[in-house]
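Colleague: I am new to this structure. Could you take me through it, one feature at a time?

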Amino acid sequence: MPNNKPLSPLLSRYQRLIKISRDLASKLDLDILLMEIVRAAADIANAEEASILLYDPIKEELYFQTATNIDTTLMRGMVVPLHNSIAGWIARNREPIIIDNPQEDKRHFGRVDKTTQMTSRSILGVPLVTKEKMIGVLEAINKKEGTFTPEDQEVLTALGAQAAVAIENSRLFQQSDLIGEFVHEIRTPLSSLGAATHLLQHPRASQEQKEKMLDILHTEIDRLAEMSTAFLDLSRLESGRSQFKIEKFDMGKLLIECRDLVGKEAQENHLDLLLEISEDMPIVRADHDKIKQALLNLLNNAIKYNKEGGQITLRGKVILEEKEFLIEVSDTGVGIEKKHLALIFEKFYRVPDHSDKVDGTGLGLSVVKQIITGHGGRINVESEVGKGTTFTIHLPLL
Ligand SMILES: Nc1ncnc2c1ncn2[C@@H]1O[C@H](COP(=O)(O)OP(=O)(O)OP(=O)(O)O)[C@@H](O)[C@H]1O
Ligand SMILES: [Mg+2]
């Protein structure tokens, strides 16, 4: 006789959990993975929302990484103290906890509520730990009906254990991938360094040849140094280890600052540099230095891939209907063929025609993309060969 007895609620929750865990194991992109985890956590614990805090073992602190419902850009990177916070308590004790009245709990860290303008009525938090490693804390916030139960705690703890392994896996994967690419990329400059030193040692090398070799050594060493820095930046961004320092600043001022910083180089290259900003440039909440780095990368490209007597325009405008603001960097330079357009944001990718003429690591745009998507924005490019290129950054207006 078929067994038509309904599954016990706990059992069916475990079945859901197994399905979720299977899905998680196949996600290697950390951002996507973390989003899936918080969604699954809110779902399985019947909570209004959920969030993940990651642990930084070097600084010994927790920081917000991903959350459902609320604006991640506001929260991302926000440091939560190990002491005097509920998440900190969970991380230090490696134990789950249910708190029905966070506002009255001494450990509650109120800045989170203030930032999200939400009040937490109840919290169920579990540690994200693998065999030895503290990865972070997973919190379900505000039970939809009633209060969190020991059963909720049990399933969320089980999800936390799966999630921790998946996060660890994705980080390892990203690392191995990055290291492989890096080693591949440094082989060429290393072998030209080897060849140049070899020639320098040659007893019959002329003075002129030696100077030429020294020049090559110099350029290649600079390139390696530049690549290492860019690469380090990128791997920090990609692995989620780089935290955004969110602060309020005047976007218009930043655009002016960036224009001033590249002004001299544009002039030396006989390029016209224009700045067009609308009067309603917003005060934004973002990582000032990272956004500046992204804009400088784009402006440097606009200089590098330009033509004699060309033009560069840096534009800022607010699109109220879309609740976003745009920053455009346009140039009247060499342009990019369509078949390369989709690839230029890839690590190390350089348009072959360009790489023969100008130096670069091919990492600049990957860094830009990570910074912008990390802020909840996106970046587009339009280009016409021989006419010029426009990069457009869309950032959410808060
Ligand atoms: N404004 C532009 N006009 C034409 N081509 C561009 C422009 N910006 C980028 N590119 C193309 O995209 C490629 C990737 O750009 P990216 O900034 O990532 O690397 P790079 O400029 O080569 O090196 P780096 O920025 O690390 O010095 C460039 O090599 C170039 O071929
Ligand atoms: Mg570049």
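Modeller: Start with strand β2: it is mostly covered, with seven of its seven residues buried. Buried means under 20% relative accessible area, exposed means over 50%, and partly exposed is in between (1.4 Å probe, protein chains only). Helices (H or I, at least four residues) and strands (E, at least two) are DSSP runs, numbered from the N terminus.

Colleague: What should I know about the model itself?

Modeller: This is a predicted model: local features need pLDDT of at least 70, side-chain atom pairs count only at pLDDT 80 or more, and totals for chains, interfaces and linings use all residues. Residues are numbered from 1 along each chain as its sequence is written, chains are lettered from A and ligands numbered from 1 in the order in which they are written, and side-chain values use heavy atoms, with hydrogens and water left out.

Colleague: Which strands does β2 pair with, and how many bridges join it to β1 and to β3?

Modeller: First the rule: two strands pair if DSSP finds at least two bridges between them. Six bridges join β2 to β1, and the two run antiparallel. Leu54 has Tyr63 of β2 as its bridge partner. On β3, two bridges give another antiparallel pairing. There, Tyr63 is partnered by Val79.

Colleague: What links β1 to β2?

Modeller: A hairpin, with four residues between the strands. Glu60 sits in the turn and has a positive phi of about 55°.

Colleague: Why point out a positive phi?

Modeller: Because most residues other than glycine have a negative phi. Asn142 is another case, with a positive phi of about 60° although it is not a glycine. Asn142 lies in strand β6 and counts as buried, at 1% relative accessibility. His270 also has a positive phi, near 55°. His270 is in the loop between α8 and β8 (272-277).

Colleague: What is the strand order in the sheet?

Modeller: Read it as β3-β2-β1-β6-β5-β4: six strands in an open sheet with antiparallel pairing. β3 and β4 are the edge strands, each pairing on one side only. Further along, seven bridges join β5 to β6, which run antiparallel. Leu124 has Ala140 in β6 as its bridge partner.

Colleague: Which strands does helix α2 touch?

Modeller: Contact means heavy atoms within 4.5 Å. Helix α2 (residues 30-44) packs on the sheet and touches β1, β2 and β6. Its direction makes about 140° with that of β1. Axes are lines fitted to C-alpha atoms, for helices over the stretch in contact, and angles run from 0 to 180 degrees between N-to-C directions. Helix α6 (residues 150-201) lies across β1, β2, β4, β5 and β6, at about 35° to β5.

Colleague: Is Ser51 buried or exposed?

Modeller: Ser51 is in strand β1. It is buried, with a relative accessible area of 2%. Beyond neighbours within four places in sequence, Ser51 has contacts that include Val38, Phe64 and Ile141.

Colleague: How many residues of helix α4 are buried?

Modeller: Six of its eight, so the helix (residues 86-93) is mostly covered. The buried ones are Ile86, Ala87, Gly88, Trp89, Ile90 and Ala91. They pack against β1 (47-56), β2 (61-67), β3 (79-80), β4 (97-99), β5 (123-129) and β6 (134-143). At the start of α4, a side-chain oxygen of Ser85 comes to within 2.8 Å of the backbone nitrogen of Gly88. Arg94 follows α4, with a positive phi near 50°.

Colleague: Where is Val129 found?

Modeller: In strand β5. Val129 is partly exposed, at 25% relative accessible area. Its contacts, leaving aside neighbours within four places in sequence, are Arg94, Met134, Ala161 and Ala164.

Colleague: How are two packed helices described?

Modeller: By the angle between their axes and the distance between the axes. Here, the axes of α8 (residues 251-268) and α9 (residues 288-304) come within 10 Å and cross at roughly 35°. Contact residues include Leu254 and Leu261 in α8, and Leu295 and Leu299 in α9. The residues of this contact divide into 12 nonpolar, two polar and three charged. Ala, Val, Leu, Ile, Met, Phe, Trp, Tyr, Cys and Pro count as nonpolar, Asp, Glu, Lys and Arg as charged, and the others, Gly among them, as polar.

How values were computed: A polar contact is a pair of N or O atoms within 3.5 Å; within protein, one must be able to donate a hydrogen and the other to accept it, and residues adjacent in sequence count only if both atoms are side-chain atoms.
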